[in-house]
2 protein chains.
Amino acid sequence: MKASQFLISTLKEAPSDAEVVSHQLMMRAGMIKKLGAGIYSWMPMGLRVVRKVEAIVREEMNRAGAVELLMPVVQPAEFWQETGRWDKMGPELMRVKDRHERDFIIQPTSEEVVTDIARQELRSYKQLPKNLYHIQTKFRDERRPRFGVMRSREFIMKDAYSFDRDEAAAKASYQVMAKAYRAIFDRFGLRYRAVAADSGAIGGDLSEEFQVIAATGEDAIVYSEGSSYAANMEKAEALAPQGPRPAPAQAIAKTPTPGKSTCADVADLLKVPLATTVKSLVLATDQANDKGEIVKTQVWLLLVRGDHDLNEIKAGKVPGLDATFRFATVGEIVDHFGTKPGYLGPIGLKKPVKIVADREVALMADWICGANEEGFHFTGVNWGRDLPEPDAVADLRNVVAGDMSPDGSGLLAIERGIEIGHIFFLGTKYSAPMKASFLDESGKPQLMQMGCYGIGITRLPAAAIEQNNDERGIIWPDALAPFTVVVCPIGMDRSADVKAAAERLHDDLQAAGIDVMLDDRGERPGAMFADWELIGVPHRVVISDRGLKEGQLEYQHRRDAQATKVPAGEVASFVKSRLAS
Amino acid sequence: MKASQFLISTLKEAPSDAEVVSHQLMMRAGMIKKLGAGIYSWMPMGLRVVRKVEAIVREEMNRAGAVELLMPVVQPAEFWQETGRWDKMGPELMRVKDRHERDFIIQPTSEEVVTDIARQELRSYKQLPKNLYHIQTKFRDERRPRFGVMRSREFIMKDAYSFDRDEAAAKASYQVMAKAYRAIFDRFGLRYRAVAADSGAIGGDLSEEFQVIAATGEDAIVYSEGSSYAANMEKAEALAPQGPRPAPAQAIAKTPTPGKSTCADVADLLKVPLATTVKSLVLATDQANDKGEIVKTQVWLLLVRGDHDLNEIKAGKVPGLDATFRFATVGEIVDHFGTKPGYLGPIGLKKPVKIVADREVALMADWICGANEEGFHFTGVNWGRDLPEPDAVADLRNVVAGDMSPDGSGLLAIERGIEIGHIFFLGTKYSAPMKASFLDESGKPQLMQMGCYGIGITRLPAAAIEQNNDERGIIWPDALAPFTVVVCPIGMDRSADVKAAAERLHDDLQAAGIDVMLDDRGERPGAMFADWELIGVPHRVVISDRGLKEGQLEYQHRRDAQATKVPAGEVASFVKSRLAS
């Protein structure tokens with residue numbers, strides 16, 4: 001490709017609404033163009049990256065035996081009503097009426113449609129297992145689209161759906177995808193982690209996220225420094241502390257803490273470690289009758305150490321709390337604790353409250369908590385002596401760096417990542433409401449067991465950039481680069497030798513199937529190099545009259561501090577050997 | 001590919017709503033699946049065809065110097081308001097509101113967005129010409145979607161847009177596309193015609209449709225049997241007849257024609273050729289003031305020969321009629337002609353009417369027309385003698401087979417086609433309202449001259465089938481076939497030799513880059529052959545134990561009446577040579 005035949009459009013400055021580096025660099029490098037909030041055109045330079053991502057994903061999905069189809073962007077509401085998602089999903093589900101006032105949605109994902117296809121097409125156990133996928137435009141009407149294509153409203157996703165005859169077979173299909181995803185992410189050439197994720201109400205351990213590591217990532221990833229354990233923050237278990245609870249050493253005392261309504265403030269005031277304080281979080285669960293009227297409300301007090309954070313996913317797994325809990329209202333808190341939030345604690349309650357202690361809190365002695373009276377905390381609190389043992393003990397908190405790894409090997413560390421893929425065992429979540437069944441050997445209908453497997457195709461380029469950039473711009477791994485090699489001739493318009501050598505190298509590399517760009521725009525060297533460093537092409541060859549006379553041309557990788565001299569006659573084979581390595 | 005790893009789903013019967021053969025066969029061959037009215041999923045078998053179409057289009061567009069990008073499916077209304085299409089387009093433009101009640105559309109085409117990109121990115125004459133294209137999902141909310149993917153609501157289109165510095169350059173860009181389209185359609189392996197089309201208000205001759213020839217096509221295509229002339233019916237010119245108008249031979253006579261209100265009925269009654277009658281068509285044009293109130297209405301009488309049809313596009317080009325004409329109301333007709341439609345004619349009008357005669361009518365003598373009195377026609381009518389010469393003479397009619405070709409070479413013939421591509425010079429239709437300008441050499445802003453170029457990617461497979469099918473199913477040209485070759489082993493489960501030979505042939509052809517399908521489903525020969533004849537794979541090799549023993553395998557092209565025996569050891573090279581030819 002020659003630059004004069006392409007559309008290159010670099011900017012000195014990123015627009016002011018570009019908050020993250022990938023968004024800034026994609027705008028500056030002319031990869032994307034904003035059309036509206038969360039809606040972008042992929043410009044020629046960016047689209048080349050998207051196509052490379054698609055090609056890798058498609059090849060590995062096909063290799064893993066998945067079959068590609070294409071389901072529509074605009075889907076009739078009826079399928080979404082069948083599974084209840086028409087009602088359950090909020091305004092992020094883009095709804096639209098056609099000329100006949102019939103309801104449609106712009107698909108954010110395709111479980112309903114693929115399950116409809118499966119229930120029609122997969123009638124016999126002989127046709128299973130089957131994995132169907134498509135690479136298609138999706139839309140999610142995010143309340144606050146941001147970070148460019150990282151959290152846009154319109155995006156392209158690869159979503160695959162597996163159909164199996166039973167849970168064991170479905171888990172085998174899941175493992176095939178887990179392996180294919182590793183192959184895909186290996187080929188991207190990015191640092192990533194496959195981390196265990198919470199699988200929600202379905203249970204089991206069959207949910208993994210594929211996180212591209214980047215300091216700017218939205219997600220906290222937990223991993224062991226001593227083993228292969230990795231999970232996302234929602235999922236990572238905090239083990240129970242070793243050893244028994246220490247014996248009480250202090251007497252309980254009501255201590256004035258005026259205006260100190262947080263654990264940190266109280267610890268500061270009393271000059272004690274934050275880890276000696278206990279945080280009180282008040283939740284509620286409602287019980288409804290057949291008419292949906294609330295007939296009973298249970299209030300819960302969750303206790304976690306002052307330096308720890310509540311993990312709401314884990315809280316939702318406490319028996320009785322489920323995922324339906326809500327935070328209690330101020331009215332409910334005053335009613336049960338006799339005071340407003342800020343000085344709450346488990347001692348001296350007005351009405352029955354179920355108390356759940358984090359594993360860590362359950363083994364603490366001489367701790368500090370609110371006294372249920374404004375301006376006062378209790379110090380030297382001890383279980384059994386000052387209050388009954390908790391109703392339940394559970395893992396309620398986010399892990400922190402330095403915690404023991406749940407597999408017992410090594411300590412946990414935390415880094416940040418960007419979720420690009422998610423694989424998930426679905427069971428009969430969709431096949432049951434949609435009655436997607438097949439006939440088994442005995443001719444009996446059985447519900448299909450499903451799995452789903454997504455990759456954010458248009459999100460990946462942004463994640464790759466968050467991981468690979470410097471002050472000059474993007475640094476693409478070879479596999480994702482819009483062009484792998486750029487040939488930069490200096491003074492091409494003045495020197496026939498330079499022009500001939502540049503075109504020869506371009507043609508040679510192109511004939512070898514390499515994505516090579518010849519910058520024939522006639523830019524000055526500084527501006528030309530800056531453009532390609534911003535765009536992030538990994539391999540550059542500079543062709544100058546002096547170089548040709550000396551018989552030495554300059555090769556430089558985007559990560560190299562300086563250029564390497566290569567004999568002019570060997571530059572093509574040198575570049576090819578660099579690409580092969 | 002092995003059939004057991006694919007999704008093959010053939011049907012004995014097409015659904016009752018499939019009216020045309022391509023729709024029936026695509027449903028029966030499991031190429032598409034209906035999700036809702038005019039909304040289809042592309043099943044794996046069909047998607048392979050779509051991908052082949054896309055690949056051919058992409059390669060030739062790139063070869064022609066066009067640059068691919070990807071514009072969004074969901075587009076903010078503001079761009080469509082800028083060009084006025086938000087108001088002008090009817091309910092076929094799918095409108096949608098986001099969670100903030102802002103207006104969006106689901107794109108039916110992308111002139112607005114690409115012009116917005118061009119006005120930002122193409123600032124200098126140095127960046128021109130530029131041709132930008134994308135292959136993207138589109139939506140048109142058709143009142144009556146039908147014929148499967150031929151007239152669906154959601155579809156995939158390739159749309160390209162050229163930007164040039166002046167009209168001459170734009171016309172050169174148009175010619176580059178005209179050439180690329182011929183290369184694309186040649187590669188499809190279909191019979192097609194590039195026909196001149198009407199370019200509407202923009203004028204000039206720069207509009208061509210690419211029509212795939214099929215007896216079932218919706219469009220009438222006119223071509224010369226003696227030259228390369230071809231046009232669509234709207235555009236094809238009817239030449240003025242040779243020679244002068246004959247002298248009058250009959251006297252005018254008012255003749256009773258009770259109940260005979262059509263030319264055909266009158267000719268029958270009077271036992272004269274239909275070609276001696278003249279049809280009267282009454283149009284009207286309204287003149288409005290600044291407030292949009294109609295201040296003046298002009299009534300027009302258009303005369304075409306009784307055996308000819310009015311061409312409304314041509315009528316719209318008569319000076320004064322423009323494209324804004326409407327058919328006159330019954331009230332207006334009674335007011336001007338003194339009678340209701342059925343017996344109208346140009347003689348004895350009550351109020352002034354502008355009379356436009358078709359070229360043919362203007363040269364007729366002794367003709368028949370309505371007498372402006374119910375139940376009566378005039379016979380023996382002659383221009384100049386019985387009524388003044390017409391106010392205007394114009395080409396008003398559709399051509400008919402046997403007319404002289406407008407280029408003077410040969411006679412016209414008519415066949416039917418399916419429009420798959422359309423190329424079009426746009427001029428400043430979009431660049432003017434959107435102020436898309438560039439700076440010329442003297443630094444002066446100039447509006448860009450545009451062209452647009454579409455190909456119906458998902459419509460093409462249907463058109464290919466309309467052209468290529470028989471009672472057994474589809475017959476794909478090699479370039480579009482989902483699989484080029486199918487290997488059909490007989491008794492693969494019983495014979496290790498058959499299995500080994502089938503797999504060897506499959507692997508050999510696949511290694512040569514041929515899209516080969518090995519049917520390892522274990523179907524009986526009859527059902528297996530019927531499936532692949534329905535699906536339309538062009539090349540088939542049957543591998544049987546007997547054939548292996550005899551050393552002769554059966555090759556059959558989908559169009560061959562019977563199989564060809566090929567020495568077993570040469571079957572791979574035989575197939576390859578058939579594909580190369």
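**Exercise 1. In which loop of chain B is B:D198 found?** Then work out how B:D198 sits and what its side chain touches.

*Solution.* Before we start, this is a predicted model, where local features need pLDDT of at least 70, side-chain atom pairs count only at pLDDT 80 or more, and totals for chains, interfaces and linings use all residues. Residues are numbered from 1 along each chain as its sequence is written, chains are lettered from A and ligands numbered from 1 in the order in which they are written, and side-chain values use heavy atoms, leaving out hydrogens and water.

Step 1: find B:D198 in the loop between strand 9 (192-196) and strand 10 (207-213) of chain B. Helices (H or I, at least four residues) and strands (E, at least two) are DSSP runs, numbered from the N terminus.

Step 2: look at accessibility. B:D198 has a relative accessible area of 13%, so it is buried. Buried means under 20% relative accessible area, exposed over 50%, and partly exposed in between (1.4 Å probe, protein chains only).

Step 3: check the side chain. B:D198 and B:K317 are joined through their side chains by a polar contact of 2.4 Å. A polar contact is a pair of N or O atoms within 3.5 Å; within protein, one must be able to donate a hydrogen and the other to accept it, and residues adjacent in sequence count only if both atoms are side-chain atoms.

**Exercise 2. Walk along helix 6 of chain B, from its cap to the residue just after it.**

*Solution.* Step 1: start at the N-terminal end, which B:D166 caps with a side-chain oxygen 3.3 Å from the backbone nitrogen of B:A168.

Step 2: take the length. Helix 6 (residues 167-188) has 22 residues and reaches 31 Å from its first C-alpha to its last, close to the 32 Å expected at 1.5 Å a residue. That expected span is 1.5 Å times one less than the number of residues.

Step 3: pick out buried positions; among them are B:Y174, B:M177, B:Y181 and B:F185.

Step 4: step off the end. Just after the helix, B:G189 takes a positive phi of about 75°.

**Exercise 3. Describe how helix 12 and helix 15 of chain B pack.**

*Solution.* Step 1: recall what to look for. Two packed helices are described by the angle between their axes and the distance between the axes.

Step 2: read off both values. Helix 12 (residues 496-511) and helix 15 (residues 571-580) of chain B pack at about 40°, with axes 10 Å apart. Axes are lines fitted to C-alpha atoms, for helices over the stretch in contact, and angles run from 0 to 180 degrees between N-to-C directions.

Step 3: name the arrangement. The two helices of chain B, 12 and 15, are therefore oblique to each other. Angles under 35 degrees count as roughly parallel, over 145 as roughly antiparallel, 65 to 115 as roughly perpendicular and the rest as oblique.

Step 4: zoom in on helix 15 of chain B, where you'll find B:V575. B:V575 counts as buried because its relative accessibility is 0%.

**Exercise 4. Compare two non-glycine residues with positive phi, B:N372 and B:K435: is each one buried or exposed?**

*Solution.* Step 1: B:N372 has a positive phi of about 55° although it is not a glycine. Its place is the loop between strand 18 (367-370) and strand 19 (376-381) of chain B, and at 9% relative accessibility B:N372 counts as buried.

Step 2: B:K435, not a glycine either, has a positive phi of about 50°. B:K435 lies in the loop between strand 21 (412-427) and strand 22 (437-439) of chain B, and at 66% relative accessibility B:K435 counts as exposed.
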